[in-house]
Amino acid sequence: MSGAAKIPVIVTDIVPLNGLVTRFAFKRADGGLLPTFSGGAHTVVEMRDGDITRMNPYSLMSDPMDQTAYTISVRRDDQGRGGSLFMHQKVKVGDAMTISYPVNLFSLDLRAKKHLFLAGGIGITPFLAQIKQLERLNGRWELHYASRNKSLGSYVDMLTDRHPNETHIYYDDEGQAIDLKHLLDGQPLGTHVYVCGPKGMIDWVRKTAQDEGWPREAIHYEEFLAPKPGKPFEVKLAVSNKIIQVGEQESLLEAMERSGVDAPYLCRGGACGQCETDVIDYTGNFIHRDHWLEQADHASGRKIMPCVSRFEGKTLVLDR
Ligand code: FES
């Protein structure tokens, strides 16, 4: 079966946190317990909006050992394809929804002597669960959290109240910035760095840490790309013997699912590699948006990641 197994849930709580971010809580629809997870895990939330089913990944931010409810925070994206707007505008307390079992692509490396967390904006959410996990393990950690301004700093008060010594907050509009080079240089040997936030921040942290000589395995990041709209295109699926149309607002993966093809996925954001698909034939250009394939794979025209990448041209035949 594609993706992780599914769990029917009920929405039990909706709390707007600020102008952009709303928190949602889910309990199992059958009243049972949810699986435990590890900090950094995400769930894929299915949103049925008329004829369209969107499936967006969201980091779980609740206590990983709390089996009574899961919580996520959703940042509204007015320019996106509608998933976050659906969550903000249409979902109500008491609604039945479906989420996936937790999948972790951003887990803590528990061999680390210390965990250095760098968060930007809504990228704070996986760290909330990781912090709860580390509290239980008496792990050593430190958080540096940058937000555009005070009003958009989700969970700042809770973090600074509960963890005043570990939490460091930076507001862009007050000219505060993480002194990254200095911060990395001052860490004890055996520290691992984790970053989640906008792409620019992730690239900056990865590059700076690499330039400072941090080992690759001590640098962790999570970046799910939301699929972008684009021109409609046609695809032939050789194994399923189907010709499908990919609409302007849907991803290639979603179009396959709509046509009844059970395509594999985990992250739906170009990061996990699960949806990698071989190209059999094409005439046209790929719009590769994943960060899973190597540049050489992109250039070869032999592979595509249907969760985020698109195609423009005459013919595309996939081995699916
Ligand atoms: S589902 Fe993870 S890369 Fe496509």
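## A tour of the domain 1 and domain 3 interface, and two buried residues

Across the interface of domain 1 and domain 3, the rule finds zero salt bridges. Keep in mind as you look around that this is a predicted model.

**Stop 1: the side of domain 1 that touches domain 3.** Select β3 (41–49) and β4 (52–59): these are the elements that give two or more residues to the side of domain 1 that touches domain 3. Now colour β4 on its own, since three residues, the largest share of that side, come from β4. What kinds of residue make up this side of domain 1? They divide into four nonpolar, one polar and three charged.

**Stop 2: the two domains together.** Zoom out and colour the chain by domain: domain 1 covers 6–104, domain 2 covers 114–222 and domain 3 covers 233–318. Taken over C-alpha atoms, the centres of domain 1 and domain 3 are 26 Å apart. Eight residues from domain 1 and nine residues from domain 3 take part in the contact. How much area do domain 1 and domain 3 bury between them? The value is about 720 Å², with 49% of it on carbon and sulfur atoms. You can also look for polar contacts here: two residue pairs are counted between domain 1 and domain 3.

**Stop 3: Thr 277.** Next, select strand β15 (residues 277–287), where you will find Thr 277. Is Thr 277 buried or exposed? Its relative accessibility is 1%, so Thr 277 counts as buried. Show the side chain of Thr 277 and find a polar atom there that lies 2.7 Å from the backbone oxygen of Cys 275. Then turn to Arg 320, whose side chain is joined to that of Thr 277 by a polar contact of 2.8 Å. Leaving aside neighbours within four places in sequence, the residues in contact with Thr 277 include Arg 302, Lys 303, Ile 304 and Pro 306. Leu 318 and Asp 319 are also among them.

**Stop 4: Phe 26.** For the last stop, select strand β2 (residues 21–28) and pick out Phe 26. Phe 26 has a relative accessible area of 0%, so Phe 26 is buried. Which residues does Phe 26 touch, not counting those up to four places away in sequence? Among them are Val 9, Ile 10, Val 11 and Thr 12, as well as Leu 34, Tyr 70, Met 87, Met 97 and Ile 99. Finally, try drawing a distance from Phe 26 to Ile 202: the two residues are 176 residues apart along the chain, and their C-alpha atoms are separated by 29 Å.

Notes:
Residues numbered from 1 in each chain as written. Predicted model: local features only at pLDDT ≥ 70, side-chain atom pairs only at ≥ 80, totals over all residues. Heavy atoms only, no water. Domains from an automatic or database assignment. Contact = heavy atoms within 4.5 Å. Buried area = accessible area lost by both parts, 1.4 Å probe. Salt bridge = Lys/Arg side-chain N within 4 Å of Asp/Glu carboxyl O. Polar contact = N/O pair within 3.5 Å; in protein donor to acceptor, adjacent residues only side chain to side chain. Helix = DSSP H or I, 4+ residues; strand = E, 2+ residues; numbered from the N terminus. Nonpolar A, V, L, I, M, F, W, Y, C, P; charged D, E, K, R; others polar. Buried < 20%, exposed > 50% of the residue type's maximum accessible area, 1.4 Å probe, protein only.
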